[in-house]
Amino acid sequence: MSRLTEAEAVDQAASRKYKYGFKTNIEYEEFPRGLNEDIIREISKRKNEPEWMLEFRIKAFHHWLTMEEPDWPNVHYKKPDYDQIIYYSTPKEKPKKQSLDEVDPEILATYEKLGIPLHEQKMLQNVAVDAVFDSVSVATTFKKKLAEAGVIFCSISEAIQDHPELVKKYMGSVIPTNDNFFAALNSAVFSDGSFCFVPKGVKCPMELSTYFRINNQDSGQFERTLIIAEEGAQVSYLEGCTAPMFDTNQLHAAVVELVALDDADIKYSTVQNWYPGDENGVGGIYNFVTKRGICKGNNAKISWTQVETGSAITWKYPSVILKGDNSVGEFYSVALTNDYQQADTGTKMIHLGKNTRSTIISKGISAGRSQNSYRGLVKIGKKADGARNYSVCDSMLIGSECGAHTFPFIESSNNTASVEHEATTSKIGEDQIFYLQQRGLDEEEAISLIINGFCKEVFKELPMEFAVEATKLLSIKLEGSVG
Amino acid sequence: MTVNEENKKTHYLKELQLASSPVKTGVSVIEQARLKAADDLSIWDLPSLRDEDWKQFPLKPLVRKHFAPAPVNSGIAHSDIEHALITEAASARIVIVNGYFSPELSNVDKLPTGCYAGPVSKAPINVVDQVNNFYGKVAQYGRDAFTAFNTAVTHDPVIVFVKKGVALENPIHILHVTDASDASVYTAPRVFIYAERHSDSTVIEDFIGKGEHAYFTTSVSESVLEDESHILHVKMQRETAEAVHISRVASKLGRGSNFNSYMISNGAKMFRNEPLSLVDAENAHATIDGLVLVDQDQISDTHSTLDHLKPNCTSHQLHKVIANGRGKSVFNGKIFVRKDSQLIDAFQENRNLLLSKDANVFTKPQLEIFADDVKCSHGATIGQLSDEEVFYMQSRGITKSEAIQLLTYGYALEVIENIPVPSLREQLSYNVAAFTGASIEAKDIV
């Protein structure tokens, strides 16, 4: 059974269940296809949003209408038909499976290789779990702990209801509604997402990654995330999962905004392993994401780490605006493309404040017939005295049908700033493989070891357990592509 | 843009072209290319700031002015060009005044038999044959408006032909002089270099100007290298402070050939260089090094393309920039490695030195690799002189300003010192010294 049919099977099972009427029909009434002002009003109404939120959406929608889908990225795809998309649907409850035996063995094998604990496997596959590992109870414990610390962590819809003053103040402040085509679309129709507020002086008592993983849910097509760290606050957040994710929505246009005030520290990690299409490049998810953080205060720090292995097309540039003096921006990325995948990813570091520093480490691996591009901007403003940037982007090619591209833009208007950029492109040396084979490793193991060495600088930035899984993920992704 | 808007727009270059009356060369390929390019000009418009490649190079200062074709009779005398002459090239000097070949100022008597340097209209038949084969195909005038403009209005292109197996002892100096003493003029010099198998030559293209008026130069140079040949190409751009200079230096490399190009630019109000090297056969090597000095309101823009079309080739690019005053420098270095062009070793380095508070640098190194067994790297830095180095020199009794001058001078020399023509190196050293304000003595010159 192929992976896609598994997803279909789940869908079929799901629709069967609804027929028996566990839920009322009204709740599953689907929206008509396409987008207009009425649809947006309806979305806002269903979510019971205040007036200002609706205005925000409508404004974004009008901007979106005037915008054109960008075609400058180095990716080629058939543009989605925006009139055929259903922009809102109420979350469906998936049928509970009785045991892991009902799950596609291929998926289980992947989990096994990734080393995902048994109870999490069940969670991910929506298998009923026993009381000890019940996600709800675990989540409740976590929630209590967070509340004690004063951290607000909830869905963005809840935040709009419960903390409107915070959402109103910060939403759209980093990525304005008219920022770009996909951000405008997201601002108009976003369904849900996460909201995190860490008050002054609070160090978030746990990695929000852990919480999120247990609480893994359908993120939806137009996800919106907003994270605010007040003076001296610290938070680490992980989005996504190493486990393969199958989603029937082809277009994903998420927006993530980070705000760091004085001395705050935000660490945002992403592991993305969405459906990349089959080996002939049919299907797969378009991942068009706008992510940006602003170091608003002095001595603030924002760090992006990403491991991108899935999606047919990845198109994202997590950026940092270094506005406060002495603020720090970091970007660590591994982007792996195989078969017909295309990735155009990188970062922007905008230095505005004095003595701002940024580091960019980007590792691209292309295999099969894929195309992998790094595109980055480092801009030193006129007042950014003493700003420093250091960028490295390395590419590795496996096979002669793929391509690696680098498009770094570097602009400096300050003569006390210094910017260094270096990039290399190479392949795995035959002598390296030979050496490892001599030591008793087979070819695939040898390649996996070399690839992991290549990505080490990025993996060490990931939370511990994900680093281990990411390592395995890469070798699974490259299985059979070498030889 | 709709057709209507298109029609309403005045085509700036087309207007300039209509005013020209280019000299007939009698070479069919050149005349045909001229007609085709003139046609293209009525369709194309000037690139705008919305074009990615022209984003940092506003053409307004050019378009605001009207330029007339430079007249054939000009008062340029030997004394006007004396300062730019190169002693080694005394017997191989071609002087082009306002785009016209000047027999009085040129001297090409002592070239070895079978070699030729001079206008295409006087070239022997075997030389014209090669012009017919390759003219316009290397510089690719179908690609942009300025190269097409040059193709349409150039008079009598200069041809350099080096015969099989001949190693030229002395460099050939092609000096382009524009006389803007009386009016604002434009010129479109064109050079075509053909190196037969196993030949070895050095060609220096040099651009100077005279007069206070603004002028506009579009220059195109094409080099074709047969197997195992070697061309060392130097392009010096030292136009007057009112000039607008846009040039393309294109080359096509044969098997085992070696093209070394050095571009030194410190003149003109705004200038753009577009080196384009097609590494189109195995075991070839291309070097495209550049040195850019900008001060006051100068704008420099370099868009280079190194295209590796065949396996087993190497390339090297070092582009150094010193920006002072309100100077602005733009660099975009594209390196392509095509599919199946395995075992390529390509190296690119861009270094930018910002000396003043108001200088701006934009750089965009770009690698596009479609083959897996390659070694490609690029590096780019923007920075200033190291405090420690300046302090070290100060502690040895050198004043701060002298220390800065010396260090800047040393920084620039990395490009110049590779040029194997002593008197040219000397001239360039003085140029750099004058730019940095360093005082150098003859014994200091590398």
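**Entry 1: the strand pair across the two chains**

I began with A:Glu411 and looked up its bridge partner in β20(B), which turned out to be B:Phe362. I note here that the model is predicted. Going from that single bridge to the pair of strands, I found that β18(A) is joined to β20 of chain B, residues 360-369, by six bridges, and that the two strands run antiparallel.

**Entry 2: the contact between chains A and B**

I then asked how many residues each chain gives to the contact. Chain A contributes 28 residues and chain B contributes 31 residues. On the side of chain A that touches chain B, the elements giving two or more residues are β17 (388-397), β18 (403-412) and β19 (418-426) of chain A. The largest share of that side, 10 residues, comes from β18(A), the strand I had already found bridged to β20(B). Sorting the residues of this side of chain A by class, I obtained nine nonpolar, 15 polar and four charged.

**Entry 3: chain A as a whole**

For chain A I recorded 13 helices and 19 strands. Of its 483 residues, 46% count as buried. I also looked at the contacts in chain A between residues at least 6 apart in sequence, and 84% of these join residues at least 24 apart.

**Entry 4: helices α2(A) and α3(A)**

Next I took up α2 (residues 37-46) and α3 (residues 51-66) of chain A, whose axes come within 10 Å and cross at roughly 155 degrees. Because angles over 145 degrees count as roughly antiparallel, I entered α2(A) as roughly antiparallel to α3(A). The crossing of α2(A) and α3(A) is right-handed.

Which residues meet where α2(A) packs on α3(A)? From α2(A) I listed A:Glu37, A:Ile40, A:Arg41 and A:Ser44, which meet A:Met53, A:Leu54, A:Arg57, A:Ile58 and A:Phe61 in α3(A). By class, this contact has five nonpolar, one polar and three charged residues.

**Entry 5: A:Asn178**

Last, I located A:Asn178 in the loop between α8 (164-170) and α9 (181-189) of chain A. Why is A:Asn178 classed as partly exposed? I counted 17 other C-beta atoms within 10 Å of A:Asn178, and since a buried residue needs 20 or more and an exposed one has 12 or fewer, that count falls in between. Leaving aside residues up to four places away in sequence, A:Asn178 touches A:His63 and A:Ala184. I also checked A:Asn178 against A:Ser157, and the two are 21 residues apart in sequence and 22 Å apart in space, C-alpha to C-alpha.

Conventions: Residues numbered from 1 in each chain as written. Chains lettered and ligands numbered in written order. Predicted model: local features only at pLDDT ≥ 70, side-chain atom pairs only at ≥ 80, totals over all residues. Contact = placed C-beta atoms within 7 Å. Helix = DSSP H or I, 4+ residues; strand = E, 2+ residues; numbered from the N terminus. Nonpolar A, V, L, I, M, F, W, Y, C, P; charged D, E, K, R; others polar. Pairing = 2+ DSSP bridges. Axes fitted to C-alpha atoms, helices over the stretch in contact; angles between N-to-C directions. Parallel < 35°, antiparallel > 145°, perpendicular 65-115°, else oblique. Left-handed = near helix turned anticlockwise from the far one by under 90°.
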